[in-house]
Amino acid sequence: MLNKEIEVMFNKVEENQLKEKPDQDKLGFGVHFTDHMFVMHWNRELGWHKAEICPYQNFSLDPAAMVFHYGQEIFEGLKAYRAENDQILLFRPQDNLERMNQSALRMCMPRLPVEGVLKAMKALVYLDRAWVPDNAGATLYIRPTMIATEPALGLRPSEEYIFFIIMSPVGAYYAEGFNPVKIYVEDSYVRAVPGGVGEAKTGGNYAASVKALTEAQEKGYTQVLWLDAVERKYIEEVGTSNIFLVIGDEIITPPLKGTILPGITRDSVLKLAQDHGYKTIERAVTIDEVVQASETGDLKEIFSTGTAAVISPVGELSYQDKVIRINNGKSGELSTFFFNELQALQRGEREDNHNWLVRVG
Ligand code: COI
């Protein structure tokens, strides 16, 4: 079933109905959408069926659709890049789909046939390839999503689902671009509890984070850094991304223990660091250790990693009554290295030693 071929129907937008493309210098993040989308349906009797690439359009859903009431929803984020000779490349798309299947397991949703969905995704990107920006730093963001659609109010897994893929040409996620951001260390609200859904990419995790984000933004910070829910002591992740700290000569990131998202950019940075001979370690880090390392001068850099955020250097952390300046508020050597290296790799300008790239078309 998981390697089942998906028969995809095509219903293309008429040439004269294609949308006008936005200005590549003013893309923002996730505000423009391409001409087409992919949709497929699931029910217990037919499994995945009715797969179609069709014009980007609204859904018509019953107001009792379970996603509206109990939030049974999962999603992914990945990007398409324009390389030399207009070759379009996807970065680690199978890993996103495999992670989506992990999220599906946790949220009692049906698994996706990874190879079939990848084929449909490639067909969709190819059809809308004119939307893949060629500006440096701009990419086509791809958002696979699954929602529970059965109209029913009893609490249990839905018996019907829609899986869809929409795409959006995007610029930098943060207004700061690659410039360092200021982060508020959140010690009151928490993101995820042990045994909860922190490692699943499900909308509820993000909805629950918005209050802390809004309050941090009101205080002048771009994002929050979450601490663990039990002791409010261990660093977990930043609002939209994983976190790395450079302390002494070690590149450290918190371990995957169920409460943080297993980031694909996180994994790529760990592998790139190892490829280039850097010492990496996945271990628990307390916020007190960060404060102390800052006081002794051992804290060299902090950066966050994510598909949307790419690599985002942290210039300042605010924790209780302390303000920690990192690398004098400037982008550090390693943040810059990983940012450049990752981007070059994603655009096909480096040897793809890990077989991370998938060609479209
Ligand atoms: C991503 O980085 O792809 C995400 O899903 C984070 C989201 C808040 C934009």
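The expected span of a helix is 1.5 Å times one less than its number of residues. Keep that handy for the first exercise, and remember that this is a predicted model.

**Exercise 1. Work out what span helix α3 should have, and check it against the model.**

Step 1: helix α3 covers residues 114-127, which makes 14 residues.
Step 2: at 1.5 Å a residue, the span should come to 20 Å.
Step 3: the end C-alpha atoms of α3 sit 20 Å apart, so the model agrees with the expectation.

While you're on this helix, look at what it hides. The buried residues in α3 include Val114, Val117, Leu118, Met121 and Val125. Gly116, Ala120 and Leu124 are buried there too. Here's a handy rule for reading such a list: an α-helix has 3.6 residues a turn, so residues three or four places apart point the same way.

**Exercise 2. Classify both partners of the salt bridge between Asp95 and Arg92 as buried, partly exposed or exposed.**

Step 1: find the pair; their side chains meet at 2.9 Å, N to O.
Step 2: Arg92 has a relative accessible area of 7%, so it's buried, the cut-off being under 20%.
Step 3: Asp95 comes in at 31%, so it counts as partly exposed.
Step 4: follow the pair outwards, and you'll find Arg92 and Asp95 linked with Asp267 and Lys271 in a network of salt bridges.

**Exercise 3. Do the same for Asp321 and Lys322, which also form a salt bridge.**

Step 1: the N to O distance for this pair is 3.5 Å.
Step 2: Asp321 has a relative accessible area of 69%, so it's exposed; the bar is over 50%.
Step 3: Lys322, at 32%, is partly exposed.

For extra practice, try Glu231 and Lys233, whose side chains meet at 3.4 Å, N to O. Glu231 is partly exposed at 46%, and Lys233 is partly exposed at 32%. The salt bridge count comes to 16.

**Exercise 4. Find the nonpolar surface patch that contains Leu155, and place Leu155 in the fold.**

Step 1: the patch is formed by Tyr70, Leu153 and Leu155, with about 350 Å² of accessible area together.
Step 2: Leu155 lies in the loop between β7 (139-148) and β8 (160-170).
Step 3: its relative accessibility is 70%, so Leu155 counts as exposed.

**Exercise 5. Describe how the two domains of the chain are arranged.**

Step 1: the domain assignment gives domain 1 (8-170) and domain 2 (181-346).
Step 2: taken over C-alpha atoms, their centres are 27 Å apart.
Step 3: 21 residues of domain 1 are in contact with 22 residues of domain 2.

Technical notes. Residues are numbered from 1 along each chain as its sequence is written. This is a predicted model: local features need pLDDT of at least 70, side-chain atom pairs count only at pLDDT 80 or more; totals for chains, interfaces and linings use all residues. Side-chain values use heavy atoms; hydrogens and water are left out. Patches are made of residues with over 30% relative accessible area and no salt bridge: like charges are joined within 9 Å, nonpolar side chains (Val, Leu, Ile, Met, Phe, Trp, Tyr) within 5 Å. Accessible areas come from the Shrake-Rupley method with a 1.4 Å probe; for residues, only the protein chains shown count as cover. A salt bridge is a side-chain nitrogen of Lys or Arg within 4 Å of a carboxyl oxygen of Asp or Glu. Helices (H or I, at least four residues) and strands (E, at least two) are DSSP runs, numbered from the N terminus. Buried means under 20% relative accessible area, exposed over 50%, partly exposed in between (1.4 Å probe, protein chains only). Domain bounds come from an automatic or database domain assignment. Contact means heavy atoms within 4.5 Å.
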